Amino acid sequence: MNAIQTASLEGAATIDPAAFRNAMARLGAAVHIITTDGVAGRAGFAATAVCSVTDTPPTLLVCLNRSSSVFSTFEANGVLSVNTLGPGHLRLSSLFGGKTPVEERFAAADWVTGDTGAPVLSDAVTSFDCRVAEAVDVGTHKVLFCRVVTLRAGSTDEALAYYQRAYHVLGEASRVPG
Ligand SMILES: NC(=O)C1=CN([C@@H]2O[C@H](COP(=O)(O)OP(=O)(O)OC[C@H]3O[C@@H](n4cnc5c(N)ncnc54)[C@H](O)[C@@H]3O)[C@@H](O)[C@H]2O)C=CC1
Ligand SMILES: Cc1cc2nc3c(=O)[nH]c(=O)nc-3n(C[C@H](O)[C@H](O)[C@H](O)COP(=O)(O)O)c2cc1C
């Protein structure tokens, strides 16, 4: 028998989505621009729902809202690049955060083409060029399990973080000794 079992949700307390989001706002996260290109064309969006899954094989996950305007493009292309943002990318995050036409989003930065064909942000803190290996529907979102094809490390030592619905800078100056 598996040591971890899925709990029965019958009779579980209902958590209001707004209360869930308020709790999630207290959970700091790195900010990324997720991009794709291929048969369905180019698209990209800002994301905090990105997580390392396993290093063997190197895999990360990205959660994408199925109602977003970019969803069908990502689904059709099957490749994506995860570009982690630095302090200089605040405007870029807002542009890719929704409601802006795709070409306007991409015009605000320099990109190189990754091995998968997805656009890679030239001055990202770090980039992961990936093929989508598996995709699972959970509620409103699609969880994309992404196999990393190519890594690219940037030169900046500072990163952008999103916490309490605002942007912050992570780096040596904010390091807590210990
Ligand atoms: N995972 C997601 O889909 C996220 C979506 N957003 C989008 O950006 C907008 C602004 O976000 P905030 O300023 O942080 O205020 P907010 O109150 O809408 O969200 C607070 C936190 O809840 C989580 N969250 C928000 N919408 C979510 C969703 N649909 N599914 C799962 N988790 C969600 C995120 O961790 C977010 O930082 C949101 O309304 C949402 O459209 C932002 C962060 C994550
Ligand atoms: C800081 C930030 C983090 C976000 N994180 C996510 C995320 O993890 N997953 C997601 O589906 N949308 C996320 N969004 C929202 C998408 O970026 C947005 O829905 C996307 O750009 C599509 O918008 P559109 O439907 O107007 O094109 C985030 C937005 C912001 C500003």
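## Two ligand shells, a core and some backbone exceptions

Among the 18 residues around ligand 2, those that come nearest are Ala47, Ala49, Ser69, Gly97 and Gly98; a residue is near a molecule if its C-beta atom, placed from the backbone, lies within 6 Å of it. This is a predicted model, in which local features need pLDDT of at least 70 and side-chain atom pairs count only at pLDDT 80 or more, while totals for chains, interfaces and linings use all residues. Residues are numbered from 1 along each chain as its sequence is written, and chains are lettered from A and ligands numbered from 1 in the order in which they are written.

The pLDDT is the predictor's confidence in each residue, from 0 to 100. Its mean for the protein chain is 94, and 98% of the residues reach 70 or more. The model scores ipTM 0.97 and pTM 0.96.

At least two residues of the shell around ligand 2 come from each of strand E3 (43-47), E5 and helix H3 (90-96). Helices (H or I, at least four residues) and strands (E, at least two) are DSSP runs, numbered from the N terminus. The shell of ligand 2 holds 10 nonpolar, 7 polar and 1 charged residues. Here Ala, Val, Leu, Ile, Met, Phe, Trp, Tyr, Cys and Pro count as nonpolar, Asp, Glu, Lys and Arg as charged, and the others, Gly among them, as polar.

Around ligand 1 stand Arg21, Met24, Ala25, Thr48, Ala49, Cys63, Asn65, Thr140 and Arg165. Helix H1 (17-24) and strand E5 (58-65) each give at least two residues to this shell, which divides into 4 nonpolar, 3 polar and 2 charged.

Away from the ligands, the largest nonpolar core has 29 residues, and Ile34, Val62, Leu80 and Leu85 have the most contacts inside it. Such a core is a set of buried Ala, Val, Leu, Ile, Met, Phe, Trp, Tyr and Cys residues joined through C-beta atoms within 7 Å. A residue is buried if 20 or more other C-beta atoms, placed from the backbone, lie within 10 Å of its own, exposed if 12 or fewer, and partly exposed in between.

Most residues other than glycine have a negative phi, and most peptide bonds are trans. Arg165, in the loop between strand E11 (159-163) and strand E12 (166-170), has a positive phi near 60°. Arg165 counts as exposed because it has 9 C-beta neighbours inside 10 Å. Thr56 and Pro57 are joined by a cis peptide bond, with omega about -5°.
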